[in-house]
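Biologist: Hi! Could you walk me through this one, in plain words please?

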Amino acid sequence: MFYSKRMTVRMLKVATLACCFFLAAGCSDSPSTTRSQRRVTSPLPEPSSIREAKPIRGPVEIDLELAAEGFDSPLAVVNAGDGSDDLFVVEQGGRIWRISKGEIDREPFLEIPDLIVAGGEQGLLGLAFHPDHESNGLFYVNYTDTSGDTVIGEYQRDGNQTDVGSARILLHIDQPYSNHNGGNLAFGPDGYLYIGMGDGGAGGDPEKRAQNPQELLGKMLRIDVDHAIGDGQYGIPEDNPFVGGGGRPEIWALGMRNPWRFSFDREGGDLWIGDVGQSALEEVDRASSDEAGINWGWDVMEGTECYEPSDGCDDKGKSPPVSQYDHSLGCAVTGGYVYRGDRQGALSGRYIFGDYCSGLLWTLYSDPGTEFQDPMPAAQTGLSISSFGESEDGEIYLTDISGGGLYHLVVR
């Protein structure tokens with residue numbers, strides 16, 4: 001086991017239900033964290049152009065450094081890409097906090113708890129800043145509203161806070177169940193907004209939405225936030241696979257169960273997705289940003305295996321994952337990032353990801369053309385890993401939804 005020397009490791013919390021991502025730890029009814037509890041515990045790393053070590057092959061051991069603590073169910077950490085080096089921590093209950101120059105702002109960057117239902121797999125789930133945020137102040141959030149449906153909203157920044165009155169609803173998606181909402185947002189290298197949508201919930205995709213091109217659930221969506229069509233709130237990239245008909249034009253890829261966290265490699269632009277599995281396998285998917293129309297197989301396939309062999313198993317046209325692991329090692333994959341920073345040279349070019357239930361971290365090689373890989377163990381954190389994030393200079397962080405901490409990943 002790879003236990004960190006730089007943090008106290010709690011008892012491992014292995015979940016008993018593989019079909020859900022968040023457990024009761026993410027559904028706390030406790031009062032909001034006070035300002036005195038929410039604090040930065042160590043200086044955030046400064047940008048550096050000097051590598052500490054050369055990239056290596058084989059397993060690498062990772063440590064965690066507690067960077068900030070006291071957050072209430074944190075489930076995302078994002079940078080604004082505006083040259084500020086600020087980090088923004090998203091709380092499930094509806095608040096976003098800015099960390100700037102080693103301090104957490106006294107007031108939230110965004111505060112919308114009255115608009116959402118939080119708990120389980122619902123809440124304020126995702127944040128993405130517009131590629132031109134520095135000049136236009138725009139950013140986007142993904143949340144489940146008080147009816148339990150998915151909302152993609154646009155907001156305008158006002159200094160170090162948000163003009164809540166600037167809200168513009170881009171997309172509203174009905175949710176038949178309370179789980180498998182997806183939640184992540186990210187702008188791709190093409191400048192379009194990608195939206196990860198789960199299959200709508202329950203177990204086993206009972207309404208077969210993930211394979212239905214007329215449904216937005218169980219898909220990776222891609223929209224143009226800058227060029228609305230007609231009276232709509234967004235535009236459609238002309239190379240989305242169903243622009244000419246046969247399906248919803250917002251769809252970029254299909255066959256997903258619950259793509260809770262995904263990211264783009266800042267070198268080369270490849271998309272990496274952690275798709276949470278059903279009862280047996282957790283998978284990592286990979287695609288270049290010009291591979292529109294990929295079908296990752298759910299609910300015909302769970303990872304590389306037939307999900308319900310008795311129903312027939314036509315894997316034709318289904319893209320396999322680049323990696324997977326079974327439920328002896330966890331129960332809900334949390335997708336991560338390819339490390340492209342300067343400080344952890346031994347991690348250079350590795351995709352780092354983890355499991356929410358077991359707290360394990362693994363790495364994969366991101367070399368172009370690399371075939372299927374078994375995950376390489378990197379750490380046992382003892383945390384409820386809800387998300388990974390990347391600073392502007394390429395350092396990688398993770399959030400612990402149970403303990404309320406933000407951690408910086410470093411090579412042991």
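Modeller: Happy to! Keep in mind that this is a predicted model. Let's begin with the largest pocket: strand 3 (74–79), strand 8 (124–129), strand 12, strand 16 (261–264), strand 22 (333–338) and strand 26 (385–390) each give at least two residues to its lining.

Biologist: Okay, and what volume does the largest pocket have?

Modeller: Its volume is about 780 Å³.

Biologist: How many residues line the largest pocket, and which lie nearest its centre?

Modeller: There are 34 residues in the lining, and nearest the centre are Asn79, Ala186, Phe187, Tyr337 and Glu390.

Biologist: And how do the lining residues divide into nonpolar, polar and charged?

Modeller: The lining has 16 nonpolar, 12 polar and 6 charged residues.

Biologist: You mentioned strand 12. Which sheet order is it part of?

Modeller: Strand 12 belongs to an open sheet of 4 strands, in the order 12-13-14-15, with antiparallel pairing. Strand 12 (185–187) and strand 15 (251–254) are the edges: each has a single partner strand, so one side of each has no neighbour in the sheet. From one strand to the next, the twist averages 20°.

Biologist: How many bridges link strand 14 and strand 15?

Modeller: Strand 14 (residues 219–223) pairs with strand 15 over 3 bridges, in the antiparallel sense. For instance, leucine 221 has isoleucine 251 in strand 15 as its bridge partner.

Biologist: Nice. Switching topic: how many aromatic pairs are there?

Modeller: The count comes to 14 aromatic pairs. One of them joins phenylalanine 88 and phenylalanine 129; this pair is tilted, with 4.7 Å centre to centre and 50° between the planes. Phenylalanine 88 sits in strand 4 (residues 87–91) and phenylalanine 129 in strand 8, so the pair ties together parts 41 residues apart in sequence.

Biologist: Are those two phenylalanines, 88 and 129, buried or exposed?

Modeller: Phenylalanine 88 and phenylalanine 129 are both buried. Another pair, tyrosine 140 with phenylalanine 187, is edge-to-face: 5.6 Å centre to centre and 65° between the planes. Tyrosine 140 is in strand 9 (residues 138–144) and phenylalanine 187 in strand 12, so this pair ties together parts 47 residues apart in sequence.

Biologist: And tyrosine 140 and phenylalanine 187, buried or exposed?

Modeller: Both are buried. You've met Phe187 already, among the residues nearest the centre of the largest pocket.

Biologist: Oh, neat! Last one: which residues form an aromatic cluster?

Modeller: Phe88, Phe109, Phe129, Phe139 and Tyr155 form one aromatic cluster. So you'll find Phe88 and Phe129 from the tilted pair there too.

Key:
Residues numbered from 1 in each chain as written. Predicted model: local features only at pLDDT ≥ 70, side-chain atom pairs only at ≥ 80, totals over all residues. Heavy atoms only, no water. Pairing = 2+ DSSP bridges. Axes fitted to C-alpha atoms, helices over the stretch in contact; angles between N-to-C directions. 1 Å grid on protein atoms, 1.4 Å probe; cavity = no way out; pocket = protein on both sides within 12 Å on 5 of 7 lines; lining within 4 Å. Points joined across faces, edges and corners; volume = space filled by probe spheres on them. Nonpolar A, V, L, I, M, F, W, Y, C, P; charged D, E, K, R; others polar. Phe/Tyr/Trp six-rings, centres within 6.5 Å; stacked < 30°, edge-to-face > 60°. Buried < 20%, exposed > 50% of the residue type's maximum accessible area, 1.4 Å probe, protein only.
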